[in-house]
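Work through these exercises with the structure open beside you. Try each task before you read its solution.

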Amino acid sequence: MSDVLRVSKVSKDYGSRGRVHRVLSDVSLELARGEVLGVVGESGSGKSTLGRIVAGFLPPSGGSVEHLAGGPRSVQMIVQESAGALNPRLPVWRSMAEVTAVNRRLTRRFREPSMEYVRYVGLSDADADRRPTQLSGGQRQRVSIARALAAKPAVLVCDEAVSSLDVSVRATVLNLLNRVRVDFGIAMIFISHDIAVVSHLADRVLVLSNGKVMEHGPTEQVLTRPESDYTRALIAATPSLERRLMHSAEGA
Ligand SMILES: Nc1ncnc2c1ncn2[C@@H]1O[C@H](COP(=O)(O)OP(=O)(O)OP(=O)(O)O)[C@@H](O)[C@H]1O
Ligand SMILES: [Mg+2]
């Protein structure tokens, strides 16, 4: 069942006449409520381009993106340094409240509705009064997630959302994203160059190479019985994942 998002044969060309560079060809995918689709592929394979098209920041050159649960505004995007989008001079609750106070004067009465999400992501009221530079990278990424949640999206596009975090902080943010999917039923497109990171969260994995879908299936199947040499190479290049797969194969 795909009740949230349907992407059909999307392509993307960059450049102008004569020098056209096709970076996505015929990419199709669907998402159901609360489902997480992992998108992996090497650098330049088109992951971010796909994410930005789904989020509505970039028009596709061909194909269609249908938001089946509430229109394009129902998509929020989290990127590697999402906090770059926060105003560095303002306490973070104000940047968050902009989401709910659209076109209205941002007074302190907008603070409390944001705090619900601030607390949900595990930050304190005092954290919300700090400026972005006064928070750690992990805390800033939590603010970005809280801000996205405040917009009540149906889909969250996470593009390398945990890539700049160290391993232990990365695990806590991945756990948070998993709770978000369960508690709010938000579907996600979780983009990472690291197939090991993707495997923690994704129900299904889509593998991109040169803008083409090499493989698309349930996470377990893609990891243990990859169809393409490209996917096998991605797994082989991720030693921690190889060890884990060998371990679980031995245990089975
Ligand atoms: N604005 C642009 N104009 C022209 N070409 C672009 C533009 N943005 C991206 N590209 C090209 O499109 C291709 C795909 O880029 P994209 O950023 O989607 O890859 P990616 O898979 O996200 O890579 P990474 O893992 O490094 O983030 C690359 O060849 C890139 O050079
Ligand atoms: Mg990218």
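**Exercise 1. Polar contacts of the ligand**

How far is an oxygen atom of ligand 1 from an N or O atom in the side chain of serine 48?

Solution. Keep in mind that this model is predicted.

Step 1. Find an oxygen atom of ligand 1 and the side chain of serine 48; the distance to an N or O atom there is 2.8 Å.

Step 2. Apply the cut-off: a polar contact is a pair of N or O atoms within 3.5 Å. The serine 48 pair, at 2.8 Å, therefore counts as a polar contact.

Step 3. Go on to glycine 44. One of its polar backbone atoms lies 2.8 Å from an oxygen atom of ligand 1.

Step 4. Now take tyrosine 14. Here a nitrogen atom of ligand 1 is 3.4 Å from an N or O atom in the tyrosine side chain.

Step 5. Turn to surface area. Ligand 1 taken alone exposes 640 Å², and the protein buries 58% of that.

**Exercise 2. The shell around the ligand**

Which element supplies the largest share of the shell around ligand 1?

Solution.

Step 1. List the shell. Among its residues are Tyr14, His21, Val23 and Glu42. The list also includes Ser43, Gly44, Ser45 and Gly46, as well as Lys47, Ser48 and Thr49.

Step 2. Look for elements that give at least two residues each. These are β2 (21-31) and α1 (47-54).

Step 3. Pick the largest share. α1 supplies it, with 3 residues.

Step 4. Sort the shell by type. There are 2 nonpolar, 7 polar and 2 charged residues.

**Exercise 3. The second largest pocket**

Which residues lie nearest the centre of the second largest pocket?

Solution.

Step 1. Start with volume. The second largest pocket has about 250 Å³.

Step 2. Check the lining. It has 13 residues, and Arg170, Leu174, Ala196, Val197 and His200 lie nearest the centre.

Step 3. Assign the lining to elements. α6 (167-184), α7 (195-201) and α10 (239-251) give two or more residues. α6 gives the most, with 6 residues.

Step 4. Sort the lining by type. It divides into 6 nonpolar, 4 polar and 3 charged residues.

**Exercise 4. A hairpin**

Do strands β8 and β9 run parallel or antiparallel?

Solution.

Step 1. Locate β8 at residues 204-209 and β9 at residues 212-218. They run antiparallel, joined by 6 bridges.

Step 2. Follow one bridge. Leucine 206 has histidine 216 in β9 as its partner.

Step 3. Inspect the turn. β8 and β9 form a hairpin with 2 residues between them. In the turn, asparagine 210 has a positive phi of about 50 degrees.

Key
Residues are numbered from 1 along each chain as its sequence is written. Chains are lettered from A and ligands numbered from 1 in the order in which they are written. This is a predicted model: local features need pLDDT of at least 70, side-chain atom pairs count only at pLDDT 80 or more; totals for chains, interfaces and linings use all residues. Side-chain values use heavy atoms; hydrogens and water are left out. A residue is near a molecule or strand if one of its heavy atoms lies within 4 Å of it. A polar contact is a pair of N or O atoms within 3.5 Å; within protein, one must be able to donate a hydrogen and the other to accept it, and residues adjacent in sequence count only if both atoms are side-chain atoms. Accessible areas come from the Shrake-Rupley method with a 1.4 Å probe; for residues, only the protein chains shown count as cover. Helices (H or I, at least four residues) and strands (E, at least two) are DSSP runs, numbered from the N terminus. Ala, Val, Leu, Ile, Met, Phe, Trp, Tyr, Cys and Pro count as nonpolar, Asp, Glu, Lys and Arg as charged, and the others, Gly among them, as polar. On a 1 Å grid over the protein atoms alone, a cavity is a set of points where a 1.4 Å probe fits but cannot get out, and a pocket is an open set with protein on both sides within 12 Å along at least five of seven lines; lining residues have an atom within 4 Å of a point. Grid points are joined across faces, edges and corners, and a volume is the space filled by probe spheres set on the points. Two strands pair if DSSP finds at least two bridges between them.
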